[in-house]
Amino acid sequence: MVLEKESVDRRRKRNIQAVFIVFVVVLVFFTFFSNTLQSLTLPKVRTEKLAAGSLVYTLEGSGILRPLAEAKLSNPAGWKVKQILVKEGERVKKGQKLVIYDSKTAERELQDEITNLEKQKIELQNIQDQFIQSATEGDEFKVRNVRRDIETRKLVLGVQNRKINELRDRLASQKEMTAPFDGIITKLNAVEGLTSPGEPDVFISNGSLGYQFDISTDSTLLSDIGISIGEKIEVEVHTVLEQQTRIIDGTIDELADAVPRAESSSSEEAGKTITIPQKVLRVKVVDSELKGGEQALITLEKRSRQDGLIISNAAIHQEREGMFVYKMEEQRGPLGNVFVARKVRIHSKETNDKDTMIQSDSVYEDDLIILESSEPLQDGNRVRLQ
């Protein structure tokens, strides 16, 4: 009887121990499982390490090459084009005939004025005969009248002579168009049989003096890069017809103020626009093979003069009090380490279109900075790495 009772007690103890062990295992399992479930609901973030270095500023731009010396030749008389003697792209010499105009109307007008002059000369001779007759008759009053008439006629003849000379000069200068200097015909608007379309009939350029193109950019970028007049720069020139790309030397020829660029402000001040000062960078190139009209491109990279902590612009947030970033902070916990987002104030020293050099007493090299998050963050939020 005693043995049976002891056997029952032992079975009871074993059952209690088994139940306790199962309870502990289940408790541990659910503790870890609940922690895993909770971690899956945390905001997912992407980070990058703070790195020490310098900023890289990049200036890129393109423009169309245009000659430094270019003449736009027009025919102010508006005559019809009789004959075109050159083609686009043709090299011409100074004084070479380019276009001949139909000047029949002007020639007829000149001939009419010459005829009118001859008529006035005949009339003057008649008045001079009257003067001789009046002097013979001794009529002093009539003599004075005829003398005044003769002087008037001479004045009219002078006006007529000047008018004829002006018509001759006009006919000589506008009957044909000639090249003002050695150069290349870059564009022809003239059409045989038609009057000028309102634009210059001929564009002629002198490429020996070089070509230039303009690039508009932010004034601060030029200041950061340290561009100066006279600086040498490589220019990539692309010709459409030949489908060729060449690298030639260029020179910064001029820096001029331009119209400021308007840009929307940050979301914290929605609806407000700011103006960004602009500069026009004028680049000059000299090459005997250029004709004008080619596409020119430049890409210039320079590093900042200072070194510091570099972070992507995507990690920087802006609010009324200033700029800040979220730093990833690792904390020890009873069930393992956890990650917390800490809000850190920063100051910008320099920036470009991708990165910013920052200054702060709370971040250091190799710190993990949050670039983006699946949910909006606040200081102290637990997060999980992407």
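Guide: Welcome! Let us start with a definition: a strand is a DSSP run of E with at least two residues, and strands are numbered from the N terminus. Please keep in mind that the model above is predicted.

Visitor: Thanks! How many helices and strands does the protein have?

Guide: There are four helices and 21 strands. Of the protein's 386 residues, 33% count as buried. Among contacts between residues at least 6 apart in sequence, 73% join residues at least 24 apart.

Visitor: Let me try a single residue. Where does Thr217 lie, and is Thr217 buried or exposed?

Guide: Thr217 is part of strand E10, which covers residues 202-218. The cut-off you need is that buried means under 20% relative accessible area. Thr217 has a relative accessibility of 9%, so it counts as buried. Setting aside residues up to four places away in sequence, Thr217 touches Leu59, Leu222, Pro277, Gln278 and Lys279.

Visitor: Could we read another residue that way? Which strand holds Met328?

Guide: Met328 sits in strand E17, residues 322-331. Met328 has a relative accessible area of 10%, so this residue is buried. Beyond neighbours within four places in sequence, Met328 is in contact with Val45, Thr47, Phe339, Val340, Leu368, Val383 and Leu385. Take Leu385: along the chain Met328 and Leu385 are 57 residues apart, yet their C-alpha atoms are separated by 9.5 Å.

Visitor: Now a whole strand, please. How do I read its two faces?

Guide: Here is the general idea: in a regular strand, side chains alternate between the two faces of the sheet. Now look at strand E11, residues 232-239. Its covered face holds Ile233, Val235, Val237 and Thr239. On its uncovered face you find Lys232, Glu234, Glu236 and His238.

Visitor: Which strand pairs with E11 over three bridges?

Guide: That is strand E14 (residues 295-303), and the pairing is antiparallel. To find the match on screen, place Glu236 opposite Leu297 in E14.

Visitor: What about strand E15: how many of its residues are buried?

Guide: In E15 (residues 308-312), five of its five residues are buried. E15 is joined by three bridges to strand E2 (residues 51-53), running antiparallel, and Ala52 stands opposite Leu309 there. E15 also pairs with strand E19 (residues 355-359) in the antiparallel sense, over four bridges. In that pairing, Ile310 has Met357 as its bridge partner.

Visitor: How do I read the order of strands in a sheet?

Guide: Try an open sheet of three strands, with the order E5-E7-E8 and antiparallel pairing. Strands E5 (81-84) and E8 (176-178) stand at the edges with a single partner strand each, so one side of each has no neighbour in the sheet. On average, neighbouring strands here are turned by 20 degrees against each other, direction ignored. E5 pairs with E7 (residues 97-101) over three bridges, and Gln83 stands opposite Ile100.

Visitor: Now a helix. Why do residues three or four places apart point the same way?

Guide: An α-helix has 3.6 residues a turn, so residues with that spacing share a direction. In helix H2, the buried residues are Ala106, Leu110, Glu113, Leu117, Gln120, Leu124, Ile127 and Ser134. Helix H3 (140-174) is included in what covers them.

Visitor: What span should H2 have?

Guide: H2 runs over residues 104-137, which is 34 residues, and at 1.5 Å a residue the expected span is 50 Å. The C-alpha atoms at its ends are 50 Å apart, which agrees. Just after H2, Gly138 takes a positive phi of about 80 degrees.

Visitor: One last feature: how many aromatic pairs does a search of the whole structure find?

Guide: The search finds one. The pair is Phe324 and Tyr326: the ring centres are 5.5 Å apart and the planes stand at 85 degrees, so this is an edge-to-face pair. The cut-off behind that reading is that planes over 60 degrees apart count as edge-to-face.

Visitor: Are these two rings' residues buried or exposed?

Guide: Phe324 counts as buried at 6% relative accessibility, and so does Tyr326 at 7%. Phe324 has a further neighbour: Lys343 lies over the face of its ring, 4.5 Å from the ring centre.

Conventions
Residues are numbered from 1 along each chain as its sequence is written. This is a predicted model: local features need pLDDT of at least 70, side-chain atom pairs count only at pLDDT 80 or more; totals for chains, interfaces and linings use all residues. Side-chain values use heavy atoms; hydrogens and water are left out. Rings of Phe, Tyr and Trp (its six-membered ring) pair if their centres lie within 6.5 Å; planes under 30 degrees apart count as stacked, over 60 as edge-to-face and the rest as tilted. Buried means under 20% relative accessible area, exposed over 50%, partly exposed in between (1.4 Å probe, protein chains only). A charge sits over a ring if NZ of Lys or CZ of Arg is within 6 Å of the ring centre and within 35 degrees of the ring normal. Contact means heavy atoms within 4.5 Å. The expected span of a helix is 1.5 Å times one less than its number of residues. Two strands pair if DSSP finds at least two bridges between them. Axes are lines fitted to C-alpha atoms, for helices over the stretch in contact, and angles run from 0 to 180 degrees between N-to-C directions.
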